[in-house]
Amino acid sequence: MSTAAKVDERARDEFARLGTTRVHRGELLRHPVYTRFLHWSVAIFFVLSLLTGFAIYSPWLFRWIAPLFGGGPRTRLLHPWFGLLFTIFFFFQFLNWMAPMAWQEADRRWMRRLRRYATNENRIETEDVGFFNGGQKLYFWAIVVSAILFLITGVLMWFDDQVPRWVVAVSYVVHDLAALVMLAGFIIHVYEGTAHQPGTFRSMIDGTVTEPWAWTHHPGWYRALTGRDAREEYEREKRRQEER
Ligand code: HEM
């Protein structure tokens, strides 16, 4: 086992002692305490970075934001620290999710079905969709790339008196482009995690999902965990509903 995997496993064990996850009958454990802690830490510092970033980007358009952070100069001062904390927490999230986020052939097939997924055309996902689907993995890897770009360009802009002016100018553009990608991803992500896929949000609150949620959205993961076939479960449930 690599050092990163050992660090992650130890953190999971420690956090499992700090908090509890109750899994009732008909439910499955999806995200343990440590994962939930990391996810919400990432989310909080992302939103704080986004808000302070908006206020710096356009002080006039977003003039309601700076007062929330104690005025313009304080907002400027806080932004890089929020960004740094976002990157640090995401680094641990990266270690936590690196394995299930590995890109596979099935994810390429999932991407080809994107339109059908967005319009809810398929009742249940195909058997090759594991713990995360292709869209979730794409979002994850977009954050990895963006976080690296944010960090490099952010540090260059932070210490702008020590780097050539053209480097700072390029950094501004790259930083803002990465922010746009992240903003778009964030909006889609929140929609997917709440309104579009009911039953998903609770997985990041109490850590569990229902079995029907699992066989609907992640049949491969459901089979690996329970040994049961998602489509059979779906057909059985359909018959049960029809008989009522
Ligand atoms: C603030 C609103 C947010 C909500 C309601 C939300 C909700 C969720 C939920 C429910 C999941 C679990 C999905 C599953 O188990 O299938 C999840 C996963 C994830 N979240 Fe969030 N999240 C939010 C913010 C963020 C932010 C700000 C980031 C990073 C910038 C982020 C990054 C991720 C990633 C990478 C995953 C795993 C892949 C995925 O499900 O897309 N989330 N989120």
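Q: What is the relative accessible area of Val 7?
A: This is a predicted model, in which local features need pLDDT of at least 70, side-chain atom pairs pLDDT 80 or more, and totals for chains, interfaces and linings use all residues. Residues are numbered from 1 along each chain as its sequence is written, and side-chain values use heavy atoms, without hydrogens or water. Val 7 belongs to helix H1, residues 3-18 (a DSSP run of H or I, at least four residues). Val 7 is partly exposed (between buried, under 20%, and exposed, over 50%, with a 1.4 Å probe and protein chains only), at a relative accessible area of 39%.

Q: How far apart in sequence are the parts tied together by Phe 45 and Phe 82?
A: These residues form a tilted aromatic pair, 6.3 Å centre to centre with 40° between the planes (ring centres of Phe, Tyr or six-membered Trp within 6.5 Å; under 30 degrees is stacked, over 60 edge-to-face, the rest tilted). Phe 45 is buried at 17%, and Phe 82 is buried at 12%. Because Phe 45 lies in helix H2 and Phe 82 in helix H3, the pair joins parts separated by 37 residues.

Q: Which residue of helix H3 pairs with Phe 46?
A: Phe 46 lies in helix H2 and is buried, with a relative accessible area of 9%. Its ring is 5.7 Å, centre to centre, from that of its tilted partner, with 50° between the planes. The partner, buried at 4% relative accessibility, is Phe 86.

Q: What distance separates an oxygen atom of the ligand from a side-chain N or O atom of His 31?
A: The ligand is surrounded by 25 residues (a heavy atom within 4 Å). His 31 is among the closest. The distance is 2.6 Å.

Terms used: Helices (H or I, at least four residues) and strands (E, at least two) are DSSP runs, numbered from the N terminus. A polar contact is a pair of N or O atoms within 3.5 Å; within protein, one must be able to donate a hydrogen and the other to accept it, and residues adjacent in sequence count only if both atoms are side-chain atoms.
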